[in-house]
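Reader: I am new to this structure. Could you show me how to read its features, one at a time?

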Amino acid sequence: MIRGLLDTPGSYAALAAAVHRDDLRPTALAAIRSLIEQDIDAGRPWPSEAARWLSRANADWQTSAALANHLAWYARSRRNSALAHLAGTDHLTQPGTDRVHAQALRHIHLGTLRFDFRCRSIQHLLDQVPVGERARWDPYTRALAAFALLGSSAPGALEALDRCLAEAGDNPQVCHALLHGLWLGDGLPDQAERILELAAWPTFDDADPIMLFRTAAAWRSLGRRSEALDAIHSAVEALDPNQPDVHADLVRERALITAMARDPRPHRGD
């Protein structure tokens, strides 16, 4: 329905006005998302257009993170990655006067690298950012930096995670990025326990399939077969049917769990 409305005369001007009205802003942001999805579906360049709309809306970091996160994932699934259209690193190192625009491009850029598991690329890019600019990062950017440290099991990764949680642990995008990094890491201290601890935060919906998927992996690493199976079965049931790539990840995790030795059971008469 929203996509159809965007084809009507004057819809773009109306949308630009609607993002500044509190009563229309949620609907306007949903329309912007549909607008950029159309560009993605058509194979057109889209990150700059998404950033322009977020700038017009004077989006706070939470709104920018939510939309950028969705679009980066959507574009990846449509084989139109943001990385094919982003040029330069000014949005990271020299954001200029339109900081909302730069923030949006930063979220899209780093979020896309996160979904590609490119921790070293994130670290390399962020290492180029001047110290003064790093101090102005929003909480989601800091969470993506922590994701890269966690995913590469770098020194200071868990400390970065704790700082992010203390700053913005009620934000879903922040928590998902940190949980993703914990899951991706290798040999982090108390890694499985930290995954289970973070997954229990009230920020996560109990039926969140990605959270359940990561929880299953944590239970498996602890040798808890029944808990792992319960979590992965719940993840499969909760998953949107239009996410075949994620479903394949869940099936692979289930295969790893079922390959574990069954829980020992006492014989009758023991």
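Author: What follows takes a helix, two residues and two pockets in turn. This is a predicted model, in which local features need pLDDT of at least 70, side-chain atom pairs count only at pLDDT 80 or more, and totals for chains, interfaces and linings use all residues. Residues are numbered from 1 along each chain as its sequence is written, and side-chain values use heavy atoms, with hydrogens and water left out.

Reader: What span should helix 7 have, and what span does it have?

Author: Helices are DSSP runs of H or I of at least four residues, numbered from the N terminus. The expected span of a helix is 1.5 Å times one less than its number of residues. Helix 7 has 17 residues and should span 24 Å, which agrees with the 24 Å between its end C-alpha atoms. After helix 7 comes Phe 117, with a positive phi near 60°.

Reader: How many residues of helix 7 are buried?

Author: Buried means under 20% relative accessible area, exposed over 50%, and partly exposed in between, using a 1.4 Å probe and protein chains only. In helix 7, 15 of the 17 residues are buried, so the helix is mostly covered.

Reader: Is His 91 buried or exposed, and which residues is His 91 in contact with?

Author: His 91 lies in helix 6, residues 90-93. Its relative accessible area is 7%, so His 91 is buried. Contact means heavy atoms within 4.5 Å. Leaving aside neighbours within four places in sequence, His 91 is in contact with Ala 102, Leu 105, Arg 106 and His 109.

Reader: Which side chain makes a polar contact with the side chain of His 91?

Author: A polar contact is a pair of N or O atoms within 3.5 Å; within protein, one must be able to donate a hydrogen and the other to accept it, and residues adjacent in sequence count only if both atoms are side-chain atoms. Here the partner is the side chain of His 109, at 2.9 Å.

Reader: Where does Asp 138 lie?

Author: Asp 138 is in the loop between helix 9 (131-134) and helix 10. With a relative accessible area of 6%, Asp 138 is buried. Beyond its neighbours within four places in sequence, Asp 138 is in contact with Trp 61, Gln 103, Arg 106 and His 107.

Reader: Which helix gives the most to the lining of the largest pocket?

Author: On a 1 Å grid over the protein atoms alone, a pocket is an open set of points where a 1.4 Å probe fits, with protein on both sides within 12 Å along at least five of seven lines; lining residues have an atom within 4 Å of a point. Helix 14 gives the most to the lining of the largest pocket, with eight residues.

Reader: Which helix gives the largest share of the lining of the second largest pocket?

Author: That share, five residues, comes from helix 10.

Conventions
Helices (H or I, at least four residues) and strands (E, at least two) are DSSP runs, numbered from the N terminus.
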